[in-house]
Amino acid sequence: MIPKNIAKHILGELPLTAETYWYLRQAGKPLNKSFSLEALRKGLPAWRAQAAEAARRARPGKKVLIFATLHYWISHATLSGLALAGLGHEVTLAYLPYGRWQQPINRFDLRRQNLYASNVLQQAGALVQEVSFLNKDSRGIELPSQLEREVEEVSFRDTQYSLQVEEVSPGSELYRLRQERNREAAQAALAWMEREKPQVVVIPNGTILEFGVLYRVARHLGIRCVTYEFGEQRNRIWLAQDAEVMRQSTEALWAARGGRDLKPMELEQVQALFAARQKASLWENFSRRWQGVPSKGGEQVRQALSLDERPVVLLATNVIGDSLTLGRQVFSDSMTEWLERTLQFFAGKPGVQLVVRIHPGELITKGPSVGEVVQRALPGGLPENIHLVAADAAVNTYDIVAIADLGLVYTTTVGLEMAMSGIPVIAIGQTHYRGKGFTLDPDSWAGYLELLDQVLANPAKYRLTRQHLDRAWEYAYRFFFEYPQPFPWHLVHLWEDLQAWPLERVLGEEGQAQFGETFRYLAGEPVDWSRKPELVEQGEQA
């Protein structure tokens, strides 16, 4: 008897086998929970009717391609696509029917998942045309050399992200899997975009996986591309036009609105948020706690960590392999290299105490810990002036901030918050707040090490002035409250948010007053950063 996996491999290459099996045996059901669109199937008939009603009142819009893969992104993109269609745009939803990006799937099961997805998505009717890039016989298309290089770059980053490491082998099975899928996605997207010529391409994330590849193809063809993602705020979305949204570029926002004194109400808002972050509590529409334990005070943590009166340097780490760190190097080869060389530097500085705070996010990740980097950099053990605070330590980071004389960061937001506390901060990676006028920003190893020596010689001299402190607080307000745009449906809370903001309400007068501008930005209209986004009423937040 032929083993099941071999049989599926053979059947997956034969015409109509998967299709026949699906129609006869699967009866429209998903193969497994990793690729289920049943909630989407249930909602589509009503959404289609609501979008069709709104479309009859709308002016003709643009030709928009929205792309997604993975079941949760497909569900979200379908709803967003119907909203755009209801606003008058000609929308095509392109998809790839993968349930897991880091695991292989045989062609037989993949084709069945493809049929299942098509069966569900066809319920959107003529409002949103569905097209599977898996169905496109474009694997033989030769990619331009530049796109081929970009496929390799995205595949490398995918492997880093999946394994949460910075050093990967191009010969690994995971790298080859990502390379194969990304190349096929690039070929299909290139053929479709060249033929159909969309005016705007809308893509989640735009940096990793097939999302990153589609972004590169659109930019290669000179097509307007909008990337989007979600942070910790409900009813908010991050947007970038002709750029990767995960870069969190705030240059245009800062140029348009930076340099203005905050109004008393604005200052109160950012002060309340900062206090919530310190106290490990939730605040308004933020759905995440930033610390595991509440603040106990700087002097108490000084005793707990056995710190004396020597200057204290807080090095706040990121999670290795996090998408907000990959490709963000300025002068180091990686975040890991910066950590290693910095640890070795402080091992020779007994007059200074270095506290390495490992990111609590390591508790929910599977990659290597910064603790392993520390052991590798200092194989003889930690000298008495270097203290390691584990991810699960009952220590509030902001208590360490309270006694720090200098902060060292790669891209973590803690760097912004240290500056808001008046502490001089050296920003190493390409973080969104670097270069905004309140951090120290070296651009070479020599410049970094020289800057360390200068600040450590007299930390008090480098504490932020009143002007720089005000600038840091203003920037924090702009980033947390003006950079995210109002949007009704968060990816993580999609089905809950739909209870508060059903499609009909979003497409109506009330919804358009709240979210209409954001949908216009999604459809490619240039973002007007001079306008302050209107806050969604608290009573309307799910």
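## Internal cavities

In this predicted model, the count of cavities of 30 Å³ or more comes to five. The largest cavity has a volume of about 100 Å³. Rolling a probe the size of a water molecule over the atoms shows where empty space is left.

Twelve residues line the largest cavity, and Leu96, Phe133, Leu134, Glu184 and Ala185 lie nearest its centre. Helix H7 gives the most to this lining, with four residues. By class, the lining consists of six nonpolar, one polar and five charged residues.

## Packing of H7 against H8

Helix H7, which spans residues 173–196, also packs against helix H8, residues 209–220; their axes come within 9 Å and cross at roughly 35 degrees. The crossing of H7 past H8 is right-handed.

On the H7 side, the contact is made by Arg178, Arg181, Asn182, Ala185, Ala186, Ala189, Leu190 and Met193. On the H8 side, the partners are Leu209, Glu210, Val213, Leu214, Val217, Ala218 and His220. Sorted by class, this contact of H7 with H8 holds ten nonpolar, two polar and three charged residues. Ala185 thus appears in two settings: Ala185 belongs to the H7 residues that meet H8, and Ala185 is also among the residues nearest the centre of the largest cavity.

## The surroundings of Leu491

Leu491 is placed in the loop between strand S12 (485–486) and helix H18 (494–500). Is this loop residue buried or exposed? Leu491 counts as buried because its relative accessible area is 18%, and buried means under 20%.

Leaving aside neighbours within four places in sequence, the contacts of Leu491 are Tyr72, Trp73, His76 and Phe230. For one of these residues, Trp73, the separation from Leu491 is 418 residues in sequence, while the C-alpha to C-alpha distance is 7.4 Å.

## The protein as a whole

The protein contains 20 helices and twelve strands. Of its 542 residues, 56% are buried, and Leu491 is one of the buried residues.

Among contacts with a separation of 6 or more, 76% are between residues 24 or more positions apart. The pair Leu491 and Trp73, 418 residues apart in sequence, offers an example of a contact across such a separation.

Technical notes
Residues are numbered from 1 along each chain as its sequence is written. This is a predicted model: local features need pLDDT of at least 70, side-chain atom pairs count only at pLDDT 80 or more; totals for chains, interfaces and linings use all residues. Side-chain values use heavy atoms; hydrogens and water are left out. Axes are lines fitted to C-alpha atoms, for helices over the stretch in contact, and angles run from 0 to 180 degrees between N-to-C directions. A crossing is left-handed if the near helix is turned anticlockwise from the far one by less than a right angle, and right-handed if clockwise. Contact means heavy atoms within 4.5 Å. Ala, Val, Leu, Ile, Met, Phe, Trp, Tyr, Cys and Pro count as nonpolar, Asp, Glu, Lys and Arg as charged, and the others, Gly among them, as polar. On a 1 Å grid over the protein atoms alone, a cavity is a set of points where a 1.4 Å probe fits but cannot get out, and a pocket is an open set with protein on both sides within 12 Å along at least five of seven lines; lining residues have an atom within 4 Å of a point. Grid points are joined across faces, edges and corners, and a volume is the space filled by probe spheres set on the points. Buried means under 20% relative accessible area, exposed over 50%, partly exposed in between (1.4 Å probe, protein chains only).
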